[in-house]
Protein chains: 2
Amino acid sequence: MRNKKRAVTIQNVAKAAGVSVSTVSRVLNGKVDVASDTQDRIQKVIAKLGYTSNLAARSMRSHKKNLIGLVIPDMMPYSVEILKGVNRAIEESDFDLLIYTTGSAQKKGTVLHEQHYVSLLNNSITDGAIIVASSATEFITDAPIVAVDPHAVNPNYPSVQGMNYQGAMEVMEYLIGLGHRRIGFISGRSDISSAQRRLKGYRDGLMKAGIDINEELIMPGDFTQKTAYKYARELLQMDNPPTAIFTANDQSALSVFQAAEELKIRIPDDVSVVGFDNISEARHLGLTTVDQFLEEMGYISIQMLVKLINNESLDEEVHEMRTKLVERTSCRKLIQTA
Amino acid sequence: MRNKKRAVTIQNVAKAAGVSVSTVSRVLNGKVDVASDTQDRIQKVIAKLGYTSNLAARSMRSHKKNLIGLVIPDMMPYSVEILKGVNRAIEESDFDLLIYTTGSAQKKGTVLHEQHYVSLLNNSITDGAIIVASSATEFITDAPIVAVDPHAVNPNYPSVQGMNYQGAMEVMEYLIGLGHRRIGFISGRSDISSAQRRLKGYRDGLMKAGIDINEELIMPGDFTQKTAYKYARELLQMDNPPTAIFTANDQSALSVFQAAEELKIRIPDDVSVVGFDNISEARHLGLTTVDQFLEEMGYISIQMLVKLINNESLDEEVHEMRTKLVERTSCRKLIQTA
DNA sequence: TTGAAAGCGCTAACAG
DNA sequence: CTGTTAGCGCTTTCAA
């Protein structure tokens, strides 16, 4: 059943072709100075033996690997969206993609381990790496890295971030434009800069419109549905509930619907809900989200990284994406109750 | 911005700690026979220098890498579902995960390249590999592999497959039980064994119930929404349209709804639709699918692979999953039109 | 145009 | 308990 044939090495190929390993290595790397008949012979042997050069050995000697690494914390919808964009960019490039995920939960998300993963990839088999949602502010690495949506406020490396503050401001302008005055907010993780900026956008949006900030309407949160659900209920059950709710991410917005459904509140008429981010799960429920947000971050990150690998300069070191929330989506009132 | 520090090697650590490389290697690999103060000193140096062992070099010498490889063709919903299950299993194991995707479209899906990717991972940095939707019937590899949903009918290696035939039979029994007699079918790619078996289940399901097979109701397909859409329209526009439609995958079932909507046919009352597979996109539209199908395949595949890596024997070499379509989901008539 | 030999960073005997 | 040594499979001088 399982093929326990010992993997074929460059030595085997050399012997079978009656040449030295260095000659095989030459044809492998497309060097020109090899007699064309020798070349043919070697190619045939390679094909017959099903030889593939050992990644580890090759990476150790040469420096071009045609491989981009990606470090993600998990396979949750958030990461998967980014992955899609990364994949799209990879398909347009010459590189292949190697995604690294840790199994063990206690290893996730610590600065030390992020450094570890980056080293693991970048100092050996990879030409550069993308790191998603990292907390580290600095990396020691041979090859370039680009961070997507880093937690740190002032990362010390190139990164792609959404325009969280502007996006949030636009959401507020939109909701206020609809006539809403009591707008609830469900926060994201307060240790993460994107969440902080979204909250700031909420506050400043109100201030700009000359509306007093009502701290009771600002709920904590951590980007999870579970927590958001709890606070959504609180908001909806207030004596004087908000007429609109803005959540720091779309997962949380889902919870608002869930809570509303259980409380028999009809969302389309009573509350406007807008969630940040763009997870397909949310989109499929008809949630208003920032169109293509995460996917595009992934896409752009690869393009930046490829530039760095090729030693081209970046237009801007920190690429801030426009969320274009209001322009791209209709921010319409929301939606069926599943 | 970018940290161009040369990566620190085991040599640097050894020198800084005033010991030999082998001693460093020993503490790195948790060998016991090292004086505890030496150990401490080395650990401190490692921490200070931010040393991470070179994956490539390490893989080349030792044989335990604690890394499982996964080869997938793309990041489409189908693959992503499997990924989720794989990730879940990885989290319960000691292994980390390395996912390999090739960028270039022309490289995808050929037997030669599948072998290439497997070699790339398995003969160097990985303890074993999962290969998704492979066409190859055999692999030359040092380390074990497990295939998820292979295209080949009789793969020469351990694999996880859905019970496509039984599942399809159950769908047919269910639909016939509802009183349907004219049941349409939209096929999957005819070169793929799972599609063939689903079609066979459709046919045999009818035969078993003593219903004549009407070839007009059997449409071709290729698992894509575009093609399915075309044939869904054909089915729905027949003079005597089917009262139910069974599609070889859930993506195709989505197309039936799309077509129905455009033709102003109300699905819930007029047609029952059941799609094979389990893509969350479909689930969110309320489509009846085989619950947890793909996710579970991914999950099981890792468990099998880990057993193989540890030289334990598999219960069955080919693990056929029960789809449990009828039991797990209600196969209820379907659903809102977005 | 080809081969021999050095060495990438690491681990695993083998000595001490 | 620790250091010395020999490669893993490959690429890359340097000679021939």
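Helices (H or I, at least four residues) and strands (E, at least two) are DSSP runs, numbered from the N terminus. This is a predicted model: local features need pLDDT of at least 70, side-chain atom pairs count only at pLDDT 80 or more, and totals for chains, interfaces and linings use all residues. Residues are numbered from 1 along each chain as its sequence is written, while chains are lettered from A and ligands numbered from 1 in the order in which they are written.

**Stop 1: DNA strand D**

Select DNA strand D and the residues near it (C-beta atom, placed from the backbone, within 6 Å). Helix H1 (10-17), H2 and H4 of chain A each supply at least two residues of this surface, and so do H2 and H4 of chain B. H2(A) gives the most, with 5 residues. Of the 26 residues around strand D, the nearest are A:Ile10, A:Ser22, A:Ala57, A:Arg61 and B:Ser22.

Now colour by residue class. Ala, Val, Leu, Ile, Met, Phe, Trp, Tyr, Cys and Pro count as nonpolar, Asp, Glu, Lys and Arg as charged, and the others, Gly among them, as polar. The surface near strand D divides into 9 nonpolar, 12 polar and 5 charged residues.

**Stop 2: DNA strand C**

Move to DNA strand C. Which residues come nearest here? Of the 26 around this strand, they are A:Ser22, A:Ala35, B:Ile10, B:Ser22 and B:Arg61. From chain A, helix H2 (21-28) and helix H4 (55-61) each supply at least two residues of the surface. From chain B, helix H1 (10-17), helix H2 (21-28) and helix H4 (55-61) do so. The classes here are 10 nonpolar, 12 polar and 4 charged.

**Stop 3: helix H3 of chain B**

Select residues 36-49 of chain B. This helix, H3(B), has 14 residues and reaches 20 Å from its first C-alpha to its last, close to the 20 Å expected at 1.5 Å a residue. The expected span is 1.5 Å times one less than the number of residues.

Show the buried residues of H3(B): B:Ile42, B:Val45 and B:Ile46. Seen down the helix axis, they fall within an arc of 100 degrees, so they line one face. That arc is taken from the directions from the helix axis to the C-beta atoms. Buried requires 20 or more other C-beta atoms within 10 Å of a residue's own; exposed is 12 or fewer, and partly exposed lies in between, with C-beta atoms placed from the backbone. The face turned away from the buried side carries exposed B:Ser36, B:Asp37, B:Lys44, B:Ala47 and B:Lys48. H1 and H2 of chain B are among what covers the buried residues. After the helix comes B:Gly50, with a positive phi near 65 degrees.

**Stop 4: helix H8 of chain A**

Go to residues 193-208 of chain A. H8(A) has 16 residues and spans 22 Å, close to the 22 Å expected. Its buried residues include A:Arg197, A:Arg198, A:Leu199 and A:Tyr202. Their cover includes strand E5 (159-162), helix H7 (164-177), strand E6 (183-186) and strand E8 (244-247) of chain A. Just after H8(A), A:Gly210 takes a positive phi of about 75 degrees.

**Stop 5: chain A and its confidence**

Zoom out. Chain A holds 14 helices and 10 strands. Of its 338 residues, 50% count as buried. Colour by pLDDT, the predictor's confidence in each residue, from 0 to 100. The chain averages 80, and 82% of the residues score at least 70. Among the elements of chain A, helix H14 (residues 325-328) has the lowest mean pLDDT (34), and strand E7 (residues 218-219) the highest (97).

Technical notes. Two residues are in contact if their C-beta atoms, placed from the backbone, lie within 7 Å.
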